[in-house]
Amino acid sequence: MPLLEIKNLHASVEGTEILKGIDLTLDSGQVHAIMGPNGSGKSTLAQVLAGREEYDVTEGEVLFDGKDLLALDPEERAREGVFLAFQYPVEIPGVSNTYFLKAALNAIRKHRGLKEMDAMDFLKLVKERMKLVQMEETLLNRPVNEGFSGGEKKRNEIFHMSVLEPRLAVLDETDSGLDIDALKIVADGVNSLRSADRGFLVITHYQRLLNFIVPDRVHVLLGGRIVRSGGKELALELEEKGYVWLEQEVGVAASPTGAAVGA
Amino acid sequence: MAAPTATQVFEEIAGQGYQAGFVTDIETETLPPGLDEGVVRAISAKKNEPEWMTEWRLKAYRHWLTMSEPEWANVTYTKPDYQAISYYSAPKSADDRPKSLDEVDPELLATYEKLGIPLREQEMLAGVVAVDAVFDSVSVATTFKGKLKELGIIFCSISEAIREHPELIRKYLGSVVPYSDNFFATLNSAVFSDGSFVFVPKGVRCPMELSTYFRINAMNTGQFERTLIIAEEGASVSYLEGCTAPMRDENQLHAAVVELVALDDAKIKYSTVQNWYPGDMETGKGGIYNFVTKRGKCEGRRSKISWTQVETGSAITWKYPSVILKGDDSVGEFYSVALTKGRQQADTGTKMIHIGKNTRSTIISKGISAGRGQNTYRGAVKILRGADGAHNYSQCDSMLIGDRCGAHTFPYIDVQNPTARMEHEASTSKIGEDQIFYCNQRGISEEDAVSMIVNGFCKEVFRELPMEFAVEAQKLLQVNLEGSVG
């Protein structure tokens, strides 16, 4: 059974249709990349999978491990094993990173019928996972994302992912705003979490990230549809020729209305 | 039969003479609405007070007539009609009370359930059972009072103290909040009904937290409560006021006065967790007006007074627990969490007055606004000319939940001594849908998310509360914040 099956997904926000029939199948153990220009619907796809209320699914279905994902609340999806690394992670004042993560992990564990982790074991887990993204200890006790630099925020997302151990990880433009060194650290972190039990959807604007996180499959999103899929060479071809080339090839406009509704 | 006038009631009691200990039995126990000298005398007579006490009340009443209600608070309300209030009512008769919990407002019961209040207590709070009946049968209360007596600690109602310990009352009542202090305090001084009296003698540390819960107090007389706490040299005491259950009360106006006196090396900690009925969520109708004057005097050197409060109820709140730092090296502290939502309005804060040398004050105020709540913090720090080496730290944080509420800050700083050190920090944060969604995406429900964020915000204040109160306060906030985002 595939980890994730998206069938003819249509979604709109404030009455404007952004996703116009997405079809995608992802198996456990695979990394699929989704590329596209601004306004193509990349972030919308990520948010819809995570369950953001503002987006209306007007048609289609999404199966996660054979289950109807769209019928679940966002926190239920998370507990089932769906993780979204946000493009713009928010700050949670007054709540330490550690406290937050422990609450999240225990909510997920409870859902899976596991015993809650006590503080000592949790700290051990955290210390181990910190190394994956070269996280500084000081960031552990700071309120979530408060005063974090752009790079630190993105690394924090991957750190969260490493602690929560999801089955499906959706990375929403994790590379945006990162310099090459930060990019490498994030990519290393992601790569160390690749396993047969896990699937990744890596959403990105640029090909560069895919040099470090090598995908099994690449899909190109244009105007709310996947217009082409291929192997990792497709990403290189896009980089060389640009999105406009592909637009002309498939005869589709890059974005639905031209209005920017998140990439 | 027509209700007797205040004068008739007074004459009836006066005619029977003052008898120690008990209240005479007359046909009606409730004074008709209205306030005049006759009413004041009647109240005093009902309590068998000595002449000097009646005189004090009358002095206050006459002064009240010359005053006008303050208008500067950042709240909007319809002024109470002082002539339409009854200033003394006996506890409800058995006929007026609900016969069982089935007759009580189901919404009220739902809140009791959420707060984990046992059934027996629910009956008491809803007025199904008279308070006296409950406590008379609780042996805990009696053992507890016995222990205090052994240590020389006096803990009784203020009415009892006026009769049994007049020297202490004469010495300290009005010494921190003079009868002429402000409109509501003056009114209180004339018509106060009951309250707590605590006296801790030299060198004694009160071994348990004293709570109004254990003091037998007829329900309907709580509107003009008067409390006086005295800690002699080296003494210390922690006092808890209030309870987490929403208190239904027909009396709209609550104008209490609390006075704390700490002598050399004494410590008084006064904690309040109050959840007055806030009134109808849409209209605010039936909500309590909570106008309270609370003040502590660090009379002695190295004395310390701490106010800690969590307020989530009442339609209108107007209170500024304050500390007068008279003794050298004395310390005043104020920790507060105030939540407003629905159509509540709060104008609260504190006053720290530095008079002695090397005095220190700490103010940590957390305001949470949700719905259409309006939260105003008003703080005043005064450093008088002789207050060498004074130090104040003020931190005033606001949290906004949703986008229809408001938070306002009015800090006043008056420094008349050049050696004073003042630190002031303020912050505003918001809980919006983005934060909630982020928490959701990590597996945390909305309810837990709001609770987590608000607790993180309030933890500096909760830390100062006695433990059981802290747990109740957290639960209280959670219950009150349900459904407040989005």
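**A walk through a two-chain predicted model**

Let me begin with a pair of strands in chain B, where β8(B) and strand β10, residues 304–311, run parallel to each other and are joined over 8 bridges. Please keep in mind that this is a predicted model. Within that pairing, I268(B) has I305(B) as its bridge partner in β10(B). Strand β8(B) also has a parallel partner in strand β5 of chain B, residues 236–241, and there the pairing extends over 6 bridges. In that second pairing, the residue that stands opposite Y270(B) of β8(B) is Y239(B).

How many of the residues of β8(B) are buried? The strand covers residues 267–274, and 8 of its 8 residues are buried. If you look at the directions in which they point, K267(B), K269(B), S271(B) and V273(B) go one way, while I268(B), Y270(B), T272(B) and Q274(B) go the other way, and all of them are buried.

From here I would like to move to the nonpolar core. In soluble globular proteins, nonpolar side chains tend to be buried together. In this model the largest nonpolar core has 182 residues, and the ones with the most contacts inside it are F83(A), V170(A), V198(B), A231(B) and V237(B). The element that gives the most to this core is helix α12 of chain B, residues 446–462, with 8 residues. To take one of those well-connected residues, V237(B) touches V198(B), V200(B), C206(B), L210(B), I229(B), A231(B) and I268(B), once residues up to four places away in sequence are left out. I268(B), you will remember, is the residue of β8(B) whose bridge partner is I305(B).

Now let us turn to the place where the chains meet. The contact takes 19 residues from chain A and 15 residues from chain B. On the side of chain B that touches chain A, α11, which covers 433–441, and α12 each supply at least two residues. Which of the elements gives the most to that side of chain B? It is α11(B), with 6 residues. By character, the residues of this side of chain B divide into 6 nonpolar, 7 polar and 2 charged.

Helix α11(B) deserves a slower look, because 7 of its 9 residues are buried, so that the helix is largely enclosed by the rest of the structure. The buried ones are Q435(B), I436(B), F437(B), Y438(B), C439(B), N440(B) and Q441(B). Their cover comes from both chains: it includes α1 (42–50), α2 (74–80), β6 and β7 (92–96) of chain A, along with β19 (421–431) and α12 of chain B. After the helix comes G443(B), which has a positive phi, near 95°.

Since β6 of chain A is part of that cover, let us follow it into its own chain. Chain A contains 10 helices and 12 strands. Its radius of gyration is 18 Å, close to the 18 Å that the globule rule gives for 263 residues, and therefore chain A is as compact as a globular protein of that length. Along its principal axes, the C-alpha trace of chain A spans about 60 × 40 × 35 Å, and buried residues make up 45% of the chain's 263 residues. Among contacts in chain A between residues at least 6 apart in sequence, 74% join residues at least 24 apart.

In chain A, 6 strands form an open sheet of mixed pairing, in the order β6-β9-β10-β3-β11-β12. Why is one side of β6 and of β12 left without a neighbour in the sheet? Both strands, β6 (82–85) and β12 (225–230), stand at the edges with a single partner strand each, so nothing in the sheet lies on the other side of them. On average, neighbouring strands of this sheet are turned by 20° against each other, ignoring direction. The partner of β6(A) is strand β9 of chain A, residues 168–172, and the two pair in the parallel sense over 4 bridges, with V82(A) bridged to L168(A). Lying across β6 and β9 is helix α6 of chain A, residues 150–164, which runs at about 165° to β6(A).

I will finish with L139(A), found in helix α5 of chain A, residues 138–141. Is L139(A) buried or exposed? It has 21 C-beta neighbours inside 10 Å, and it therefore counts as buried. Beyond its neighbours within four places in sequence, L139(A) is in contact with N97(A), F148(A), E152(A) and N156(A). Of these, E152(A) is 13 residues away along the chain, with 8.6 Å between the two C-alpha atoms.

Methods. Residues are numbered from 1 along each chain as its sequence is written. Chains are lettered from A and ligands numbered from 1 in the order in which they are written. This is a predicted model: local features need pLDDT of at least 70, side-chain atom pairs count only at pLDDT 80 or more; totals for chains, interfaces and linings use all residues. A residue is buried if 20 or more other C-beta atoms lie within 10 Å of its own, exposed if 12 or fewer, and partly exposed in between; C-beta atoms are placed from the backbone. Two residues are in contact if their C-beta atoms, placed from the backbone, lie within 7 Å. A nonpolar core is a set of buried Ala, Val, Leu, Ile, Met, Phe, Trp, Tyr and Cys residues joined through C-beta atoms within 7 Å. Ala, Val, Leu, Ile, Met, Phe, Trp, Tyr, Cys and Pro count as nonpolar, Asp, Glu, Lys and Arg as charged, and the others, Gly among them, as polar. The radius of gyration is taken over C-alpha atoms; the globule rule is 2.2 Å times the number of residues to the power 0.38. Two strands pair if DSSP finds at least two bridges between them. Axes are lines fitted to C-alpha atoms, for helices over the stretch in contact, and angles run from 0 to 180 degrees between N-to-C directions.
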